[in-house]
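Got the viewer open? Load the model, colour it however you like, and follow along stop by stop.

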Amino acid sequence: MLTTHYSQVIIIVCMEKTPKLMVSSKNFFIQDFFLFCIFLFSDISQAQDQKRQFHFGALELPPYVIYSGGDIQGMFMDIFHAFANQSDRVESIVPYPTGRLMKFLKQGKVDCTIFIRTPFTENLANPIVYLGVDFNTSVIAKKNTLLSQYDDLKHLRLGVSRGTNFGHKIDTDSTIQKTVTQDYRKLAEMLVKDRVDAILGIDKSLLYNLKEIGLPAHEIGPSLILQSNELWLFCSRQVKLTEQDIHYIRHIFDDMRDSGEIDTIMKNYLP
């Protein structure tokens with residue numbers, strides 16, 4: 001607003017004063033002032049046209065990011081690409097492992113990403129817009145493993161994905177035997193091979209990976225749901241996103257959510 005007002009003042013000054021000064025052709029100040037107006041208008045126009053380009057990071061866990069041949073697809077990749085289809089301000093959409101994504105978001109090397117909303121992620125970055133979806137943090141096991149209450153986990157080998165934090169006491173509960181592995185696909189493989197008794201994560205994402213590696217649904221027992229969390233777009237506190245930038249991002253994601261576009265993308269990947 002300040003730049004626009006300033007440019008309007010200069011335009012008035014140039015338009016009003018230049019004709020009067022041009023009465024005297026010997027006055028070299030006329031040419032200097034006229035050129036000054038031209039260059040100033042050009043600089044102001046360029047400054048107003050320059051808009052910040054956004055760098056999005058996607059959580060490198062299937063089904064959020066899926067490598068298929070030479071293509072990179074996945075739920076979060078598709079959501080960001082849907083945003084890019086409505087905007088000319090997306091410079092990059094890059095998958096990152098969980099730990100690196102959190103580090104880059106905190107450092108401002110990534111502008112925005114998608115996380116479940118927990119006290120941990122709220123401390124990491126600013127929640128910007130709710131994507132209209134809730135995810136359950138759950139424990140999943142084969143049907144012959146009893147999962148009726150939290151204390152049942154203390155007698156099991158629990159597989160967890162490296163770098164994940166669900167904002168639940170299970171994150172720091174040292175009484176539970178945990179085996180850490182690379183991602184959800186590895187968790188699914190460990191459960192199938194009986195290297196762990198149960199696996200922890202977002203239930204629909206875990207079920208997607210179990211389905212992908214061929215474990216029949218009838219061999220999976222009921223999930224133990226620990227909590228439900230909203231899915232949000234988060235943006236870094238370290239980047240120079242203006243209020244106008246945030247409003248621009250929020251407006252497009254609001255439209256994508258309200259039109260059902262995000263829900264349609266989700267259904268392509270989640271059971």
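Before the first stop, one term: a contact here means heavy atoms within 4.5 Å. With that in hand, look at the whole chain, and keep in mind that this is a predicted model. Of the contacts with a separation of 6 or more, 71% are between residues 24 or more positions apart. Switch to cartoon and you can pick out 9 helices and 10 strands. Turn on the surface next: the accessible area is about 14,800 Å², and carbon and sulfur atoms hold 52% of that. Of the 271 residues, 44% are buried.

**Stop one: helix α8**

Select residues 243–258. That's α8, 16 residues reaching 22 Å from first C-alpha to last, close to the 22 Å expected at 1.5 Å a residue. Now show side chains for Asp245, Ile246, Ile249, Ile252, Phe253 and Met256, the buried residues of this helix. Look down the axis of α8: these buried residues fall within an arc of 140°, so they line one face of the helix. The general rule behind such patterns is that an α-helix has 3.6 residues a turn, so residues three or four places apart point the same way. Swing round to the other side of α8 and you'll find Glu243, Gln244, His247 and Asp258 exposed.

What lies over the buried residues? Add β1 (54–59), α3 (75–85), β5 (112–116), β6 (126–141), β10 (224–235) and α9 (261–267), which are among the elements covering them. Before moving on, click glycine 260, just after α8, where phi is positive at about 90°.

**Stop two: alanine 82**

Hop over to helix α3 and select alanine 82. Is alanine 82 buried or exposed? Its relative accessible area is 4%, and the cut-off for buried is under 20%, so alanine 82 is buried. Leaving out residues up to four places away in sequence, alanine 82 touches Met256, Glu261 and Ile265. Try the distance tool on alanine 82 and glutamate 261: they sit 179 residues apart in sequence, yet 8.3 Å apart C-alpha to C-alpha.

**Stop three: the core**

Finish inside, with the largest nonpolar core, a set of 79 residues. Highlight Met75, Ile79, Phe135, Val139, Leu233 and Phe253, which have the most contacts inside this core. Strand β6 gives the core its largest share, 8 residues.

Now centre on leucine 233. Outside its neighbours within four places in sequence, leucine 233 has contacts that include Phe80, Cys112, Ile114, Ile128, Val129 and Leu131. Ile249 and Phe253 are also among the contacts of leucine 233, and both are buried residues of α8, back where the tour began.

Technical notes
Residues numbered from 1 in each chain as written. Predicted model: local features only at pLDDT ≥ 70, side-chain atom pairs only at ≥ 80, totals over all residues. Heavy atoms only, no water. Helix = DSSP H or I, 4+ residues; strand = E, 2+ residues; numbered from the N terminus. Buried < 20%, exposed > 50% of the residue type's maximum accessible area, 1.4 Å probe, protein only. Areas by Shrake-Rupley, 256 points an atom, 1.4 Å probe, with all protein chains shown as cover. Expected span 1.5 Å × (residues − 1). Arc of directions from axis to C-beta. Core = buried A, V, L, I, M, F, W, Y, C linked by side-chain atoms within 4.5 Å.
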